Amino acid sequence: MCNRYVTPSQAEIERFWHIGNRNQPRWWEAAIHPRTVGPFIRAHEIGHELVVGQWALIPHFAKSAKLSYQTNNARSEELASKASYRQPWQRGQRCIIPAMSFDEPCWETGRNVWWQFRRSDGAPWGLAGLWNIWTDPATGEVLESYTMLTINADAHPLMSRMHKPDPKIPANAQDKRSVIPIEVNDVDCWLAGSVEEASSLLRLAPEHIFDAKPVEVPSLGGANAITQQALW
């Protein structure tokens, strides 16, 4: 699972994914962590639109936007059955989450060493996600939110090395998780295709697509956060 990533600038997002100016005039910080605001791309009647919302999906049945459980990541194997994600998945509320890099913890040394993952071709990641719109029953406030999809990576030569292993579980059954990149040529299929077509894109990325290395990652927020303005 992923708990922090860095977004491209709005101009980079619009240029790379060919998005016009149908965008919300909002701010977001370049370094995103759960329950903060980040950008995502979804289908629009005349193409794609850039939206901002909370990175932690608020399900339709929530009584409050402050959930007692984590919804920033969703297991792709559970989308059709998990109550929090079933409706957005069935309705085709799929999105692309732009990221220049994302971070994962590696415990091979016996301690947490953060690794940063970029694309080897220098392009931004377009990560698979779901979005939802929720209305606060008490105030009527309408909130956008999204979740990042993950897939089992126990057999992946790189992503299986991430996260702390459970010594009580065999190495091939750890349920290590990976994000799911959606390539540019598959964006329209992911955003507007059928459930069956979208399901065919829920797969691990090949190892060669990753540029991954251990890094010293500064804490998010404060002086280390880059403030991004949505330009309208």
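**View 1. Five strands line up into an open sheet.** In this predicted model, the strands follow the order S3-S1-S8-S9-S13, and their pairing is antiparallel. Take a look at the two edges: strand S3 (31-32) and strand S13 (210-214) each have a single partner strand, so one side of each is left without a neighbour in the sheet. Further in, S1 and strand S8 (residues 101-106) run antiparallel and are joined by two bridges. If you want a spot to focus on, find Val6, which stands opposite Ser101 in S8.

**View 2. Tyr5 and Trp55 meet edge-to-face.** A search of the whole structure turns up eight aromatic pairs, and here's one of them. The ring centres of Tyr5 and Trp55 are 4.9 Å apart with the planes at 80°, so this pair counts as edge-to-face. Tyr5 belongs to strand S1 (residues 5-6) and Trp55 to strand S5 (residues 47-55), so the pair ties together parts that are 50 residues apart in sequence. Are these two residues buried or exposed? Both Tyr5 and Trp55 are buried.

**View 3. Trp89 and Trp190 make a tilted pair.** With ring centres 6.2 Å apart and planes at 45°, Trp89 and Trp190 are neither stacked nor edge-to-face, so the pair is called tilted. Trp89 sits in helix H2 (residues 83-90) and Trp190 in helix H3 (residues 187-192), so the pair links parts that are 101 residues apart in sequence. Trp89 has 5% relative accessibility, so it counts as buried. Trp190 is buried too, at a relative accessible area of 0%. Trp190 also has a charged visitor: Arg94 lies over the face of its ring, at 5.7 Å from the ring centre.

**View 4. Arg4 lies over the face of Trp114.** Which residue sits over the ring of Trp114? It's Arg4, at 3.6 Å from the ring centre.

**View 5. Phe210 joins an aromatic cluster.** Phe102, Phe117, Trp125 and Phe210 group together into one aromatic cluster. Leaving aside neighbours within four places in sequence, Phe210 is in contact with those three cluster partners and also with Arg118, Ser120, His156, Leu158, Met159 and Ala205.

**View 6. The largest nonpolar core holds 52 residues.** Which members touch the most other members? They are Tyr5, Phe102, Tyr146, Leu149, Trp190 and Phe210. You've already met some of these names, including Tyr5 from the edge-to-face pair and Trp190 from the tilted one. As for strands and helices, strand S10 (residues 125-135) gives the most to this core, with five residues.

Key:
Residues are numbered from 1 along each chain as its sequence is written. This is a predicted model: local features need pLDDT of at least 70, side-chain atom pairs count only at pLDDT 80 or more; totals for chains, interfaces and linings use all residues. Side-chain values use heavy atoms; hydrogens and water are left out. A nonpolar core is a set of buried Ala, Val, Leu, Ile, Met, Phe, Trp, Tyr and Cys residues joined through side-chain atoms within 4.5 Å. Buried means under 20% relative accessible area, exposed over 50%, partly exposed in between (1.4 Å probe, protein chains only). Helices (H or I, at least four residues) and strands (E, at least two) are DSSP runs, numbered from the N terminus. Contact means heavy atoms within 4.5 Å. Rings of Phe, Tyr and Trp (its six-membered ring) pair if their centres lie within 6.5 Å; planes under 30 degrees apart count as stacked, over 60 as edge-to-face and the rest as tilted. A charge sits over a ring if NZ of Lys or CZ of Arg is within 6 Å of the ring centre and within 35 degrees of the ring normal. Two strands pair if DSSP finds at least two bridges between them.
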